[in-house]
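Could you walk me through this fold, one question at a time?

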Amino acid sequence: MLRCGLVAALLLASCGGQSGDRNTLQGDRYTEVEAPAPSVATYATAAPAGIAVRGVAADDVRAGVEAAAQAHSMPLEADPRLAELAEWIADRLGPDGEPPPNEVVEFFSRHLGLVEPVPHIMVLGQPAGVLRGGIESSVGQFMDRQTYSRWGAAVVERANLRVAVVMLSWRWLELSPIARTSAPGTAVAVQGRLLGDHRNPTIVVQPPDGPVRRLPAGSGPEFDVRVPTSETGVYRVELLGRGAHGDTVIANFPVYVGVPIPSSVRVSEAPASGASDVESVRRDLLDRINATRREAGLAEVQADPAVQAVADAHCHDMVDNDFIGHTSPTTGSALDRVRAAHLPSGLVLENIGRGYSADEIHRGLLESPGHRANLVNADVTHVGIGVVAQAEGTRSAFIVTQVFVRMHGEVDVEQAPAQLLALINASRSARGAPPAELEDNLAAAARDAAREFFEDPSLSQQDAVDDASASLRRFAIAYRRIGGVMAVVNEISEAGALEPTLDPGVRYFGIGVAQGTRDDTGPNAIAVVIVMAWPR
């Protein structure tokens, strides 16, 4: 799942902040932050009438934004709600010009009826005479990294500087208005159309209490889905669309069912992580992932160096090639990347995030139903966390890829053959074939072949099968035919229905199971060799 809606900020000159009330920065921490105006009643993608830039120097800001958009062939539509949001942000900048935490900006955005991922924020403080050029250059830097479709801005004067806050947003859908409140039992109608090259719309819903639900809406671009609401509480609704770089978050918003829309957001006073380097962010993210899993009653995931290498490589690929997404033009999907690293796993999940701290990135992922579902998936066992730092003015933003996999657990290789025989016979029965039984000589040959596969890394799977068959030549007179099959699997059950074992003429099996590590299988892999015999 893709998370690219976290706040990005650029400060090119320091500027003063405000303090003193519950809506502003207090000792580098927020408490209860109230919305500056009454909440709108509906979410909507159609921009209302209004001005694009609030405050002073509107012409300079507009000219700078339009020049950057023209230079990048990236047409932008002004949205007055983004201008209002920019004004709210400008009044709440920190001492060094930093915007409020992501959850505050997200709350303000929904308060205005915006549904797209949290807009990116550019903060620029410069003398009046050079503001236009600074806006053009700075907005251009943002456009070098991502495509935008909407904008709005506000300018305030601070300490002999004009401080501009520019909101840049990407809106890839047309959405019929959605009421922000609903009565329990009333389905929420999510209707609209994806824009650009996005297709395969999917609605992902996190109910107040219960598992995440995915509601596919066809091949697109149109979608029309009714989200059922049976419980009282907050439903988080997310719309995904598939584009050139895989699934992308197109919209993400809460619907309040049987409860009032909040007028404020509470932000923890606990100090945010001070991590400012890649390894600290990686470590802090792992701690937060496992804290979230413990709260959900799940086992912790273990960090795996090989999976981390896959995640790190994808972060560098995105940065080096200026894209954010799960599907790379050079390495394919997350599953492709895990397989290319010879890490067999029947389950591969991926989160992508961007932010200025582990706290901000993790909170942003938790706000997305799809990403939260990956974080609390009960079947994953290991994670690799890739992190790349990007310098932005006086601080660094972090691009993060989290790859979750299910690694092989320890297998009882002595008990596994009997367990696998039961699975095979169940599959044979479903095909109308008679049950088969284990035979000691066949079993010894299969067991030796499975062990040799790990002891001699030069052996291919076919070599292992051939060696097992060759060792049984002295028994050939007892059978009409002897054959074999081998598989490297994630779970023993995956070998329970291999097509050759379902031949109704087979009556005897030898099953060998071994577990080990090779360069072409990854750690703790499971090798299964099955020798089959047809009686005369």
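What follows is a short exchange between a student and a tutor.

Student: Before we start, what kind of model is this?
Tutor: Residues are numbered from 1 along each chain as its sequence is written, and side-chain values use heavy atoms, with hydrogens and water left out. Local features need pLDDT of at least 70, side-chain atom pairs count only at pLDDT 80 or more, and totals for chains, interfaces and linings use all residues, as the model is predicted.

Student: How many helices and strands does the protein chain have?
Tutor: Let's take DSSP runs numbered from the N terminus: helices are H or I with at least four residues, strands are E with at least two. Counted that way, the protein chain has twelve helices and 25 strands.

Student: What percentage of the residues in the protein chain is buried?
Tutor: Buried is under 20% relative accessible area, exposed is over 50%, and partly exposed is in between (1.4 Å probe, protein chains only). Out of 536 residues in the protein chain, the buried share is 54%.

Student: At roughly what angle do the axes of α2 and α3 cross?
Tutor: Two packed helices are described by the angle between their axes and the distance between the axes. The axes are lines fitted to C-alpha atoms, for helices over the stretch in contact, with angles from 0 to 180 degrees between N-to-C directions. For α2 (residues 80-90) and α3 (residues 102-111), the axes come within 10 Å, and they cross at roughly 145°.

Student: Which residues of α3 does α2 meet?
Tutor: Contact here means heavy atoms within 4.5 Å. On the α2 side, look at L85, W88 and I89; their partners in α3 are V105, F108, S109 and H111.

Student: Which element gives the largest share of the largest nonpolar core?
Tutor: Such a core is a set of buried Ala, Val, Leu, Ile, Met, Phe, Trp, Tyr and Cys residues joined through side-chain atoms within 4.5 Å. This one has 26 residues, and L85, I89, F108, I121, V165 and M167 touch the most other members. Two or more residues come from each of α2, α3, β5 (120-126), β6 (150-158) and β7 (161-169). The largest share, six residues, comes from α2.

Student: Is A313 buried, partly exposed or exposed, and why?
Tutor: You'll find A313 in helix α6 (residues 305-320). Its relative accessibility is 45%, so A313 counts as partly exposed.

Student: How far apart in space are A313 and R337?
Tutor: In sequence, A313 and R337 are 24 residues apart. From C-alpha to C-alpha, A313 and R337 are separated by 9.3 Å.
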